[in-house]
Structures are given as C-alpha cells and as structure tokens.
Amino acid sequence: MNCLIIFRSITYAQKAVKILERAGITAYIKRPPREITGISCSYAVKVPSYWCDKALALLRERHLDYVKVI
Amino acid sequence: MIYFDNAATSLPKAPGVAEEILKALKTCGNGSRSGHKPAICASEYMYKCREALSRMFHVQNPENVIFTQNATHALNIAVKGILKRGDHAVISGYEHNAVLRPIYALNKKDAVEFTIAAAPLFDGDLLCEKMEKSIRKNTKCIICTHVSNVFGAIMPIERIDSICAKHGLIFIIDASQSAGAIPIDLRNFKSDVILCMPGHKSLLGPQGTGVLIVAKDTELQTLIEGGTGSLSQDPNQPDFLPDRFESGTQNAHGIAGLLKAVEYVNGIGADRIHEHEIKLARRMCDGLKQIPGTKVYFDPVFKAQSGVISAVFGASSEKVAGYLSDHDICTRAGLHCSPLAHRTAGTEHTGTVRFSFSIFNTEKQVDTAIDIMMKMKEI
C-alpha cells in the first residue's frame with residue numbers, strides 16, 4: 001500500500017522527491033484523480049505507506065507545504 | 001571568424017547545448033501539464049535547470065528560480081511587478097533600454113517617478129552617494145545593472161544592496177552582462193533582491209531563455225496570467241512561485257539547452273571565466289591604445305572592469321565595425337540599446353565600437369584583431 005502526498009504544482013512535487021530520495025525514501029510523481037484529491041491539476045508524490053510518516057516529517061522540516069495526504 | 005560580440009549573444013554556446021536541445025525536441029512533451037513520460041521529461045529538465053541555477057547563485061529554494069523569455073522579459077516582470085502609481089525608483093546612469101523603457105512607460109502611464117543617479121564611469125563611490133541622495137519617501141526600489149553592456153563597468157552592487165537594506169528598498173539587479181561571467185552570491189545580499197538575466201549571453205545557453213530570481217518572498221504583480229498546469233479550477237493566478245510567473249507553455253527545449261550550459265559554466269566557475277575575460281580586455285585595451293585617434297574606455301586599475309570594452313575611433317563606429325566585419329571580426333557599433341549609458345559617458349553623438357569576450361575567445365584572436373585595426377586607413 002502507498003500514500004499519496006498531494007502538491008499544488010509539479011515543482012513542489014519534484015522538490016519533495018529530491019528531499020525524500022536524499023533520505024533514502026523512493027518516491028514517484030503521479031497525476032492523481034480529482035475524485036480523490038478534490039482539486040484538479042495537482043501532482044502527487046507516491047510513497048510506500050510504511051515510509052509515509054517519516055516522509056511527511058522530512059517535508060515539514062524543510063517547510064515544504066503539501067495540500068493533503070491520501 | 002573572430003567573434004567579439006558576446007554581449008549581444010554568446011557564440012559559440014557551451015558544448016552539448018545544441019545536442020541537448022535536439023534531444024529535448026525529440027523527447028519532451030509539455031512540462032507541468034500531464035503525468036506521462038514526455039511531460040515528466042520536460043518537467044525534469046526544468047527542475048534540474050532550476051537546481052543548477054540555484055547552485056550558481058546560491059539560492060536556497062529552486063522554486064524561486066523563474067524562467068522567462070529573456071532578461072528584458074524578466075526585467076519587465078520585476079519593474080512593472082513592483083512599481084505602482086505614485087512610486088519612485090532610482091536607476092543608474094548606465095541602464096539598458098530593458099530598464100529605461102519600462103520605467104519610461106510607467107512614468108507616462110502611471111506617473112511613476114524615477115531619478116537617474118549618473119556618475120562618471122568606474123566611480124562606484126560617487127554612484128552610491130548619488131543613489132542614496134536620490135532616495136525619497138515614495139522610493140520603492142533601486143534598479144541597477146551589474147555590468148554596463150557598453151563599457152563593461154562593474155557597478156558596486158554589494159554596496160548598493162546595503163543602501164537598499166538600510167532604507168527598506170527592493171533591489172532589482174540587471175545581471176545581463178554578469179550572470180555566468182562574474183560570481184554572484186545571493187547569500188551575501190541583505191535586501192530584497194530580484195536578479196534578472198538572459199540565458200543566451202554569459203550563461204552560454206540558447207536564445208529564448210531568461211531567468212528571474214526572487215531571492216526572498218517579495219510581492220510582485222503579474223505581467224501576464226494564464227494556464228500554469230496547477231490549480232486549474234481557480235480563475236485566480238497562483239500566488240506561489242514559480243507558477244505565478246510561468247503562464248503558458250514554457251520553452252522546455254531551450255531550458256534543456258540552458259541546463260547543459262549552466263552545468264558547463266558551473267564546472268569552470270564564474271571567477272575563472274572573469275579572470276580570463278579580464279586578461280583579454282586588458283590585452284585589447286593595450287592594443288587599441290596604439291591606434292592613432294582612438295579613445296578607449298576602461299578602468300585604469302581593472303578592478304571594476306569586465307570583459308566588455310568600448311572605443312571611439314577616428315572614423316564613425318559603424319564604419320569601423322563594418323571594416324572589421326569585412327575582415328571577419330564581429331563587434332557591435334552604435335548605441336547598444338543603451339542611449340542612457342552613452343549619454344552619461346559622453347559618447348551619445350559618436351556611439352562606440354564594442355568588443356565583448358567570452359571564455360572561448362583567445363589572446364591570439366585579440367592580437368589578430370589589433371593587427372587588422374592597425375592597418376585601417378581612411379574608411
């Protein structure tokens with residue numbers, strides 16, 4: 001299972017991937033469906049569920065805002 | 001051919017730029033629009049280029065690096081994004097039309113006032129003094145070229161930054177002639193700096209690329225609004241960088257080339273490039289001084305001098321440039337889109353012949369050009 005960290009734009013999703021990869025967390029960028037995010041034209045960073053908490057903590061530490069987590 | 005017109009656009013470009021553009025043309029979709037491989041390919045080029053530029057200028061956040069069409073586009077965003085009706089700006093006496101014309105237009109349209117702090121060439125002390133004296137209650141920003149595109153004079157931007165920080169002003173820097181050729185470390189700047197540059201001069205990238213760096217969270221009004229590939233259901237332009245200023249399809253192919261170029265320049269280092277260009281400028285000055293009837297404009301101690309040199313000859317600047325062109329030596333004559341710079345330096349009526357170097361020029365090329373100019377008879 002994975003978690004999706006939703007960002008407003010691809011630039012922030014890309015920044016997130018770089019932060020997570022440097023910490024050894026494999027992450028991928030996806031276009032998430034609007035039905036699950038509630039917003040159109042967003043980008044999601046897909047992370048294995050067992051890494052989700054650590055990933056979010058890293059992003060918060062680097063002041064990288066995300067819209068929501070699914 | 002000997003190309004001494006790098007202040008107009010660099011030639012040749014960094015190795016691999018053309019190939020990278022071609023590769024991007026064959027593989028890239030539209031970045032920030034979809035999730036498929038070609039779209040991600042374009043987005044990857046753009047993000048990596050933001051990162052490479054962040055390293056070059058020591059910017060903390062790559063999202064503060066915004067792509068534009070050229071330096072003029074970046075400067076228009078900065079100038080028109082900051083100055084509103086009734087505001088005042090201070091500019092140097094060496095600004096290019098990319099600064100002067102937008103300010104002039106704002107003056108006519110919105111009663112934006114401006115003061116030109118004109119100081120003699122290479123007199124950084126007097127420039128700073130005049131700039132500070134020109135500040136009023138309604139002054140919003142100081143706009144200054146880092147290097148004059150006509151005379152190669154390096155302006156004291158660190159000291160101007162201190163003036164801006166002291167008075168709470170925004171500092172717009174036109175780095176058209178310095179980005180990639182002189183080190184700029186934004187960590188050393190205290191004020192709200194906005195750095196504008198082209199991709200196609202000393203960054204050695206392709207035309208159609210430019211960069212705007214908003215070092216801090218300075219609020220800028222938009223010049224254009226449109227599709228950004230983000231928050232599409234919201235009719236408001238995004239308020240976050242870089243999307244706020246990147247409406248429409250970006251020049252991903254050009255940015256791919258720019259990435260290659262910036263990596264090349266980062267590999268050499270702007271300090272070494274500057275050292276090389278100064279050596280050539282000095283050699284050219286020494287040679288030009290031997291030509292009868294020639295006046296050369298340069299910093300006698302070469303501290304505030306870049307790799308751009310201007311000279312006035314016995315004949316008109318256009319005739320001299322034409323003679324040189326006939327001998328396959330490329331220069332630029334006239335007012336160089338900087339009538340203000342010429343007015344300040346006193347060369348408005350003659351114009352100048354400008355020689356501008358890059359990392360790819362050599363001392364041998366300078367010597368060859370001097371030999372040919374020594375043979376100039378009545379033209």
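B:Pro12 sits in the loop between strand S1 (2-3) and H1 of chain B, where helices (H or I, at least four residues) and strands (E, at least two) are DSSP runs, numbered from the N terminus. The peptide bond leading into this proline, from B:Leu11 to B:Pro12, is cis, with omega near 0 degrees. There is another cis bond from B:Leu241 to B:Pro242, with omega near -5 degrees. B:Pro242 belongs to the loop between strand S8 (210-214) and H7 of chain B.

Before going on, a word on what you're looking at: this is a predicted model, in which local features need pLDDT of at least 70 and side-chain atom pairs count only at pLDDT 80 or more, while totals for chains, interfaces and linings use all residues. Residues are numbered from 1 along each chain as its sequence is written, and chains are lettered from A and ligands numbered from 1 in the order in which they are written. Chain B averages a pLDDT of 96, and 99% of its residues score at least 70; pLDDT is the predictor's confidence in each residue, from 0 to 100. For the complex, the predictor gives an ipTM of 0.91 and a pTM of 0.96.

Back to the loops. Two residues there have a positive phi although they are not glycines: B:Phe122 and B:Leu231. Here they are side by side.

| Residue | Phi | Loop in chain B | C-beta neighbours inside 10 Å |
|---|---|---|---|
| B:Phe122 | about 65 degrees | between strand S4 (113-117) and helix H5 (124-133) | 22 |
| B:Leu231 | about 45 degrees | between S8 and H7 | 20 |

B:Phe122 counts as buried because it has 22 C-beta neighbours inside 10 Å, and B:Leu231 counts as buried with its 20. The rule is that a residue is buried if 20 or more other C-beta atoms lie within 10 Å of its own, exposed if 12 or fewer, and partly exposed in between, with C-beta atoms placed from the backbone.

Now for a pair of helices. The axes of H1 (residues 17-27) and H7 (residues 252-268) of chain B come within 8 Å and cross at roughly 145 degrees. Axes here are lines fitted to C-alpha atoms, for helices over the stretch in contact, and angles run from 0 to 180 degrees between N-to-C directions. From H1(B), the residues that meet H7(B) include B:Val17, B:Ile21 and B:Leu25; on the H7(B) side, B:His253 and B:Lys260 are among them. The residues of this contact divide into seven nonpolar, three polar and two charged. For these classes, Ala, Val, Leu, Ile, Met, Phe, Trp, Tyr, Cys and Pro count as nonpolar, Asp, Glu, Lys and Arg as charged, and the others, Gly among them, as polar.

Chain B is divided into domain 1 (2-11 + 269-374) and domain 2 (17-268), with bounds from an automatic or database domain assignment. Their C-alpha centres lie 26 Å apart. The contact takes 33 residues from domain 1 and 32 residues from domain 2, where two residues are in contact if their C-beta atoms, placed from the backbone, lie within 7 Å. On the domain 1 side, H8 (270-288) of chain B gives the largest share, seven residues.

Finally, the two chains meet as well: 13 residues of chain A are in contact with 16 residues of chain B. H1(A) brings the largest share of chain A's side, five residues. By class, that side has five nonpolar, four polar and four charged residues.
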